[in-house]
Amino acid sequence: MTWFLDHIPEVLRLAWTHAYLAGIPLVVGLALALPLGWLARRYSWLYAPFTAGFGLLYTIPSLALFVMLPLFTGYGILSPVNVVIALSLYTLALLVRTVADGLGAVPDHVQNAATAMGYTRGKRFFAIELPLAVPVIAAGLRVAAVSNVSIVSVGTIIGVQQLGLLFSDGFNRDFYDPLVVGIIGCVVLALLFDGIIILLARLLTPWQRATGGRA
Amino acid sequence: MNGVITWLTDPLNWSGSDGIPGQTLTHLWYSAISLFVACLIAIPLGLAIGHTGRGRFFVVNLAGAARAIPSLGLLYLMVLWLFPKLKGDSAFLVPSLIVLIVLAIPPLMAGAYAGVEGVDPAARDAAKGMGMTGMQVLGKVEVPNALPLILSGFRSATLQVIATATLAAVAGTGGLGRFLIDGQKIRDYPQMAGGALLVAVLALVVDLLLAVVQRYVVSPGLTGRGAGPARGSRRRSPNRNLGNTPLDVDIPSTTRTVDPQTP
Amino acid sequence: MKLTKITLTIATAAALMATAACGNSGGDPLATTSSSSSGGAASSTIKVGSADFPESALLAEIYAGALEAKGVKVEKKLNIGAREAYIPALQDGSIDLIPEYTGVLRDYFKKGQTGTDAEAVYTELKASVPATLTVLDKSAAEDKDALVMKKSRADELGVKSIADLAGKADKLTVGGPPEWKTRDTGIPGFKKIYGLEFKAFRPLDAGGPLTLAALKNGQIDAGDLFTTDPSIAANDLVALEDPKSMYAAQNVVPLITKSKSNPTIEGALNAVSAKLDTATLSDLLTQVVVDKKDADTVAKEFLTKAGLA
């Protein structure tokens, strides 16, 4: 406990880095998953290969990805960009299916109503399909956020400073304090992400509160 | 890339207990024990919550927090804490198994309770009306109806456990993680990439097998192989989960936790 | 303030997406700056790295403190998990300076060299270092691999040195870093140099917490720890002698990028090396590992006491 009190600035610095290393990939991964998920939904023959193929990315062990990615990206080996790219891939792996399923969950009669009202395909996507898919996509994002926070901690292997540093510090010195502080920090961070996503999803789906139902 | 193929096709790497088949079996073995123990804990608990509706808030949030525990940190903590308390080889293995069990519990439990909770209330009422006891309703109506989601949760847990079981090598045991760690230490990147590839292939094969199992275990009434189920609500019908990879199970369960309407 | 930070990160994310596609090798938009440097004038800043074990981080803190005392701008990038990451990092300019050990470093750059005493290893190392890098003066402080046993177990077997294990090794399990499986510092070396074949090898870590725990609890009979490790004395362990010098000398030595070095820097680091010996290093490390003090605090106290800062 005293260790924590003595090291609050250090812990906060690591937590902040941890937060953006886990957070940016959520945005990037989602931005990539939206068009891919849309494609998988639009062309049904793409659905199986896309969802299975991208899902497979998730099984690449993070340790291997972190060490070998710099060989492919050309970024400096210690560059946090490698972590961001790796985690964007994992996020993408989790979200392509979610986005495709979320878009597919829009009932046919709603789609038909929109078409009848003269909505073009593009307008229908942004005005109807995407907003209605928000709850499903948000649920997928929550899973990705938690997973990202956990995986970022493996980044110590390539010298990226984040809360995982406290794990190896505690482990190396047989010292519970930093180790436990690091774990709690990760859990708190994950729950924060979770809360933010829930909040955003609510803001984006005002009709849910109005009707109390779900799309 | 050529290096990876050379590594994968070198007969030397396919022999002995620390060869590819041996480490793959070890990997599967660790995964299987963890999943078995996790099922013993999570599925009864999930069914109970789904059936009674009690303790849901507490358990769901606990599972949410468990999901957020970083595996690497937990592994280190378990090694420091448990290692001195254990004898023989179990000292290397138990910390990793605990990490994998903690990892597997949330999706398994979410699948179980979301499945039971999502059973059409009309079906449940009909069963009660026919004079079934609570246990009978659970066993004959709720579990069969929840099976697609339970299995979905199981697939999700399996995928995560197989992908994460590489951590066991960090704690000094075998499994496919050995190739990753050993490869990294001697800068043998083909070995490392080969190991990573094997993990991905193993996860894919196991997932496909489970997909087949899922298809044949689930009642025909739910899969659409027989008469379709009643579709009273707009909720995605269970058969849609059939072709899905596992992680999908989180969607219904987590959207529910957000729902302010549910007690 | 917070908002600008968020927009900034989103902007970098976008920039990142754009550059990631074309494999830009120069940019490092997310570089963590841990100290004074605020863009520009990066060339005058020395980026000090370390491996992620306590002694390496401690030595890096000492180097950083000594450089700062001479007015050199320093940025710390400590605790890099693997040598396979930080040596390439030196070569691509992500870091400029890191504390190293003569023996392992020589073997990393060029395998199969045979010197074992401090001078020979250092000479071979200097000849093996790639052209862009250089090592400064080695210090007397040494921290080498040792095969360590429980004292009680060693006494019971009547073993004082690795050579004494002859005829007994086939009943013993040995633990060490994963690379021991294939490297001459490990299983092949025991066989070649001492004619020992152990019952089993358990891949653990390089003198880390796993090896220590496994030794203490008897899962392994002998294991790889480092000679400065305070846990050896603290846990009634004993390091076996190495009469045939299987383990080459491992003197602490600064490895630095040549183009970043200058007389001020060399002077400061060589002064540190001159003041460090094995006993001092072991004592400093005890403060970090056993007393749980912070490496930077211990480093500062040492520098002040030694008159280096």
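Which domains does the domain assignment of chain C give? In this predicted model, there are two entries on the list: domain 1, made of 46–142 + 249–305, and domain 2, covering 145–239. Measured out between their C-alpha centres, domain 1 and domain 2 of chain C sit 26 Å apart. The contact between them draws nine residues from domain 1 of chain C and four residues from domain 2 of chain C. On the domain 1 side, helix 11 (residues 278–289) of chain C chips in with the largest share, six residues. Sorted by class, that side of domain 1, the one touching domain 2 of chain C, has five nonpolar residues, three polar and one charged.

Next come some strands of chain C. Strand 6 (residues 173–176) and strand 7 (residues 200–203) of chain C run parallel and are joined by four bridges. Within this pairing, C:Gly175 has C:Arg202 of strand 7 as its bridge partner. To get from strand 6 to strand 7 of chain C, the chain passes through helix 7 (residues 187–194) of chain C, making a β-α-β crossover that is right-handed. Strand 6 of chain C also pairs with strand 8 (residues 222–226) of chain C, again in the parallel sense, over two bridges. Here C:Gly175 turns up once more, with C:Gly223 of strand 8 as its bridge partner.

Chain C also touches chain B, and 15 residues from chain B and 15 residues from chain C take part in that contact. On the chain B side, helix 4 (71–82) and helix 8 (177–185) of chain B each supply at least two residues. Helix 8 of chain B gives the most to this side, with four residues. What is the make-up by class of the side of chain B that touches chain C? There are eight nonpolar residues, three polar and four charged.

Then there is the nonpolar interior. In soluble globular proteins, nonpolar side chains tend to be buried together. The largest nonpolar core here has 221 residues, and B:Leu108 and C:Tyr63 are the ones with the most contacts inside it. Helix 5 (residues 90–117) of chain B provides the largest share of this core, 17 residues. Domain 1 and domain 2 of chain C both give residues to this core, so the core lies between them. As for B:Leu108, leaving aside residues up to four places away in sequence, this residue touches B:Ala38, B:Cys39, B:Ala42, B:Ile43 and B:Gly46, along with B:Gly153, B:Phe154 and B:Ala157.

How values were computed: Residues numbered from 1 in each chain as written. Chains lettered and ligands numbered in written order. Predicted model: local features only at pLDDT ≥ 70, side-chain atom pairs only at ≥ 80, totals over all residues. Contact = placed C-beta atoms within 7 Å. Nonpolar A, V, L, I, M, F, W, Y, C, P; charged D, E, K, R; others polar. Domains from an automatic or database assignment. Pairing = 2+ DSSP bridges. Right-handed = clockwise from strand over helix to strand, strands pointing away. Core = buried A, V, L, I, M, F, W, Y, C linked by C-beta atoms within 7 Å. Buried ≥ 20, exposed ≤ 12 C-beta atoms within 10 Å, placed from the backbone.
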